[in-house]
Amino acid sequence: MSPFNLETCARPNILALEPYRCARDDYKDDGTNVLLDANENAFGPSLPKSVTANGAAAAASGNPEIDLLGLHRYPDPHQHELKQLLCNLRNTHHHTPKAIGPENLFVGVGSDEAIDALLRCFCKPAQDRILVCPPTYGMYSVSAQVNDVSLVKVPLLPAPTFGLDVEKIIETLSSEQNIKLAYFCSPGNPTGSLLAKEDIRRVLEHPTWNGVVVVDEAYIDFSPEGSSLAEWVAEWPNLVVMQTLSKAFGMAGIRLGAAFTSPPIARLLNSLKAPYNISSPTSALATYAVSANGLTTMRGNLEKIVVQRNRLIEEMPKIKGVGRLRGGQESNFLLFEILNQAGQPDNVAALAVYESLAESKGVVVRFRGKEHGCLGCLRITVGTEEEVTRFLAALEKSLAEFYGAQKIHGTEASVPADEAQREADASGIVA
């Protein structure tokens, strides 16, 4: 018999991992559901309506040119054209007169590759740590566990601002040992709140901490013009600003993320990555998305999202059982409270509505009630006009059904015995 024993052969931190879960593991999409759970761009990618794979026709029509006959060759490992277009987009001079170029960039498989690569660059397993500010994006902690790196948590200030607790962060970086990275999400997920530039500056100006500040700007294009700090990396040797084409650009399916940083850190990240981490089709589609034509499409879709976001902000509080907007308005999602019969934010109510929406109404949102400062909250991605209309009607009906059941059975009787497990399952969704 083979002496192999997985339990003793594999690394303990990897054995402890749980497989990645998304809401669609529980609620499969049959083509009729309204998917307002993953902060995707419901208006589609920043591409023409019809895209041809024929190079000559693509060039003539202004469509992205994908050379399918060249797929037997390895892709460009440097992505210089794509990097230059990304820099052109972010060289706004709102924050510095300096300009950034391809030497300031790492591009990877979504922002997740950059999150992981930074950990591998700067953190020694089982020794170094990272600082995170809950509630925040779950992949920071997942990647830390994969790399056997522990967390130091400094919660955000209370809703609705969800700002950085700068005094506590500075104190922690001064007193705690081996913190190499500080991950800040701006706008936050699930908060939707933009972090103050001056708060980030104060952390960067820490007089003794030898570490890297990472600002995750996945949702930055939904924020006011000039909000991105990407070009600010020209001023700070230890600043990394991550972005993605998955959100405003509607290109989640191609998995393209970018990390803007100082040339020395960019060289580390580019030395660490797999030689051909970005495929040729991904590169071609991403390059088009950040070209003049692609930006025109993206900005048109963004305007439509803002209209529907404002509609949700106006209409949701009119529905009985919907509480306060708890986060900001600088993203393509909103964080709202769901109330119990007493008018208080309540996880039992929020979980019941979350399940009712998905299981009987075909509308999938995200339960975030177990996260720090998010009691009773659902996170709702902004959809198309039709999707928002369907969501609002479904939400009103689900809340009416919940309150009706409470009146018939009584509050205590209506709480299922497996409530804790159901909350844990709904909260275990990372993105």
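**A walk from the core outwards**

Let us start inside: the largest nonpolar core has 96 residues, and F184, F260, F391 and L395 touch the most other members. Such a core is a set of buried Ala, Val, Leu, Ile, Met, Phe, Trp, Tyr and Cys residues joined through side-chain atoms within 4.5 Å, where buried means under 20% relative accessible area, exposed over 50%, and partly exposed in between (1.4 Å probe, protein chains only). With 8 residues, helix α14 (residues 385–409) gives the most to this core; helices are DSSP runs of H or I, at least four residues, numbered from the N terminus. Leaving out residues up to four places away in sequence, F391 touches L36, L312, M316, L357, V363, V365 and I380; contact means heavy atoms within 4.5 Å. Another core, of 24 residues, lies apart from the largest one and includes F106, V149, C185 and V240.

All this comes from a predicted model, in which local features need pLDDT of at least 70 and side-chain atom pairs count only at pLDDT 80 or more, while totals for chains, interfaces and linings use all residues. Residues are numbered from 1 along each chain as its sequence is written, and side-chain values use heavy atoms, with hydrogens and water left out. The mean pLDDT (the predictor's confidence in each residue, from 0 to 100) is 91, and 91% of the residues reach 70 or more. Over residues 52–60, though, pLDDT is below 50, and this stretch has 12 contacts in the model beyond near neighbours in sequence. Where pLDDT is low, predicted coordinates should not be read in detail.

Now look at I66, in the loop between α4 (55–61) and α5 (80–90). I66 counts as buried because its relative accessibility is 14%. L15, in helix α2 (residues 12–15), is partly exposed at 34%.

Key:
Helix = DSSP H or I, 4+ residues; strand = E, 2+ residues; numbered from the N terminus.
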